[in-house]
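User: Hi! I'm new to reading protein models, and I'd like to learn how to pick out their features one by one. Can you walk me through this one?

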Amino acid sequence: MRTLAIACGLTVVCASALADAPSESELRFLNRVTYGATARDVEDYRGLGRDGYLRRQLAFHGDEGLPREALAAIAALPIMHVRPEDLADRVIAARRAARFSSAEAKRESRKQLQKDFAQLDFQVFERRTVRALYSPYPLQEMMTWFWFNHFNVFQNKKQVRFLLADYEERAIRPHALGRFRDLLRAVLTHPAMMVYLDNAENVRGKANENYARELMELHTLGVDGGYTQADVEALARILTGAGLDLSGRRGEPRNGLFAFFPERHDPGPKVFLGQSFSGSGGFAEIERALDLLCRHPSTARFVSRKLAVYFLADDPPAEVVEQMAATFRSSDGDIARTLAALFASPRFSDPQYAGKKFKDPVQYVYSSIRLLFPGDVLKNYKPLAGALAQLGEPVYGHQTPEGYGMKSRDWASSDQLAKRFQLARGFAGARARLFVTAEAIDAGIGEPELAQARQAHPIGRERIEPLVAPLLSQKTREALARAGDPQEWAALVLSSPEFMYR
Amino acid sequence: MDRRHFVRSSLGSALALAGGRLWAAPAAGGTKLLVVMLRGAYDGASLLVPYSSEFYYRARPGIAVPRPGSGDPNASIRLDADWALNASAKDALYPIYARKQLAFVPFCGSSDTSRSHFQAQDLMEMGQGEGGAPDYSSGFLNRLVQALGSDPRAGGVAFTSNLTLAFKGAAAVPNVSLRGGARNPLPQGEGERIAAMYEGTPLAAVAAAGIETRREVSQQLMTEMAESARGAGPARAFESRARIVGKLMRGKAAYSIGFVDVGGWDTHVNQGSAQGALATNLEGLTSGLAAFAQEMGPLWPGTVVVVTSEFGRTARENGNRGTDHGHGNALWVLGGGVAGGRIAGAQVPVDEAHLYQNRDFPVLNDYRSVLAHLFARMYGLDGARLDRVLPGAKPQDFALL
């Protein structure tokens, strides 16, 4: 029976109602380690037990267990079949061709490239969203978001847009539950970060300290982590030579379009975080700097605290952060074990900390869709991208490197709530637009087709209710009792104060 | 002009108390305040050009803005014997300066020396001064709203998609995002049902304010957004936002103290001088401010706009024709009743000897002192109330109002 439940939970989408309604504590737990608990999450949790469930969630599973339509949707995305090198070649070829063409033709070709690239980043969003909504391993997808945000890059800076898909897929996601050192190195040796924080311009004699500063302030030590302006300047010199090569031929080591150019590296001696660097080390100097940063106690504390802020509380208790930091240090920066220390902490099960984290827009939008349509793979992700832009968290659209805030004070404003109330109406009432393709909408789809889509994806009140009922206040229940129809009822659920938190 | 003499004289006036004299602002329509935050640390030395400084031209061979009257088509516009204005601000900002409605306070900033955008922005918005752990739940504009109490000029509004830190605090302040979402206002009945769910929760006031604000401003916003979307290039993006801000602040009595932010100033690479990325941004910003002034119309004489940024940028250009994180920067104060057409506050020569840590422009004028001076004049706040808004800010007479 137990194995049957697991098999069911992890391989097929069980849209059926649960035999026993989930308890408040089950929901409180699952709402924090997923993008919103679905019936399937509850079954997995019950089948494996809390420890077994967490063990599975804390390992990386790639796209295993995604429903067939979700896998097909991802496979159909052109970004799955094109490398940044190919895109760079296209840009270079277009430029070359433009030399011999008319101004009109040039404009046209530039427009076409822009259009293709605009769709590129939307595809990255679609891939991310399909996984976040339908993977049986939602924690790895949350952590992909977390680390992308930690190592934020902005899609509209220079070439970042065509590096974005690869950055998320190869630098961030495979390491989301792995070792911090590997993650940091994967980010550093990815051209997206080199371009975004200007290290591609950081060369001997012409240092640019942008990446060096953020690498310490935002990625590892934290602003109070105990480094000085002299350390920023030393690290900038250590990082000279790491950059980008669009021609795809030069530099060693290379990683796609990332390349290290020894001749651009500052060979002078440096002192970084109290350690002498002879200067002749080339890329080995960078590796050594990464070792120093990853093993620095400030990094353990800074990363642990940020994880605790994301999963536990805006101001997490010091002893939890210390426990996590100790695990981070003793495991040489093992992210899964650091998270396991957080989830094992009695504070994580303490009702005082349950349901107190205000959802950021991504969590709000994803949890809304997971609640209303858990198994129905969407056909159109544009409305979700639009919702996130409206709520102030456009995907890949944060211009500055600190990423989006994760605290209540970052999101709980009057305008935010008002927009969520409007979006909630849209998710329930205009749901047909989620289940027909964007192309069909652009081509002018008729009301009969929309009505058909609406009927094919009804609001399953009996299915939804058990997943929220234990969390709702008396006032919310009273308001829900007065709702006219299932649509209005669902919009009110998504607008309720309880649904704003996880 | 001898800047050293100037330093002495303004230090003398620093001893004068900021309170006392009240600004004779035109009574009709009351007093309006707009704080414009340039996030990312704009390069003040490219806007307010210290053209009398040999050092400036030596330190920035690739990006210095050409001297006024140099015959260069990109030459800056002379403001006084030492300072000139970037030509990109010629059409929008210079006329305001010429009307004596705009003053600059160079060498201005906060005491923060982290050179971290994020910490410095937060500290600037909190405005709590030195000593003690920063309190992230309290910003200076919220404390201003509180200090004004029942004064009709006390209504705050943040034109940001989330409530900005400067407005966080005990007083409930709404925010109005200038980014879409105005369509489909909630039907009356549904708004009430939602508000009922929030009764007695910590978000009750926030939810109620959201429902109400949306209902009130959505129509105007919708019209404006539709208009502004037409052919608006990126450099002009702020202009359309600023127009909406102006319309809303003029049209709604409760929107008396506003905040808006503008990004894209972190110019580490190829910032340009009179043309280029930074100049384009400056043009967008200054056109926006001119548009705001125009929209305020009859209320402009009682309006004060403060433009500030978390810190300045390095005096010298870096290896990539850009500038890195620095310290002191130029703050702007403009408005129909501002004593402008001048460069205010303490100054020193722009040379190597006067750099902070041999790298940045120094901070001689605390931005909190400038704000304290403005608030004292605009609102007649006494010392005790002023101290609650900007604790420990040294009163100083910048003679801006």
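User: How many residues does each chain bring to the contact between chain A and chain B?

Analyst: A word on the source: this is a predicted model, where local features need pLDDT of at least 70, side-chain atom pairs count only at pLDDT 80 or more, and totals for chains, interfaces and linings use all residues. Residues are numbered from 1 along each chain as its sequence is written, while chains are lettered from A and ligands numbered from 1 in the order in which they are written. Two residues are in contact if their C-beta atoms, placed from the backbone, lie within 7 Å. Here, 44 residues come from chain B and 37 residues from chain A.

User: Which helices of chain B supply at least two residues each to the side that touches chain A?

Analyst: Helices (H or I, at least four residues) and strands (E, at least two) are DSSP runs, numbered from the N terminus. On chain B, look at α5 (117-126), α7 (188-198) and α8 (204-229). The one that gives the most is α8(B), with 7 residues.

User: And how do the residues on that side of chain B divide into nonpolar, polar and charged?

Analyst: Ala, Val, Leu, Ile, Met, Phe, Trp, Tyr, Cys and Pro count as nonpolar, Asp, Glu, Lys and Arg as charged, and the others, Gly among them, as polar. That side of chain B has 16 nonpolar, 22 polar and 6 charged residues.

User: Now sheets. What is the strand order in the open sheet of 3 strands in chain B?

Analyst: Strands of a sheet pair through backbone hydrogen bonds, either parallel or antiparallel. Two strands count as paired if DSSP finds at least two bridges between them. In this sheet the order is β2-β4-β3 (chain B), and the pairing is antiparallel. β2 (48-49) and β3 (77-78) of chain B are the edge strands, each pairing on one side only. Between β2(B) and β4 (residues 84-85) of chain B there are 2 bridges, and B:V49 has B:A84 as its bridge partner.

User: Which strands of chain B run parallel to β7(B)?

Analyst: Strand β1 (residues 32-38) of chain B does, joined to β7(B) by 6 bridges, and so does strand β6 (residues 156-158) of chain B, with 3 bridges. Try finding B:I257 in β7(B): B:L33 stands opposite B:I257, and B:G156 has B:I257 as its bridge partner.

User: Is B:F311 buried or exposed?

Analyst: A residue is buried if 20 or more other C-beta atoms lie within 10 Å of its own, exposed if 12 or fewer, and partly exposed in between; C-beta atoms are placed from the backbone. B:F311 counts as buried because it has 26 C-beta neighbours inside 10 Å. You'll find B:F311 in the loop between β8 (303-309) and β9 (329-334) of chain B. Leaving aside neighbours within four places in sequence, the contacts of B:F311 include B:A41, B:R115 and B:H327. B:D43 is 268 residues away along the chain, yet its C-alpha atom is 8.9 Å from that of B:F311.

User: What covers the buried residues of α26(A)?

Analyst: The cover includes α18 (361-372), α21 (414-429), α24 (461-468) and α25 (474-481) of chain A, together with α7 of chain B. In helix α26 (residues 486-495) of chain A, 8 of its 10 residues are buried, among them A:W489 and A:L494.
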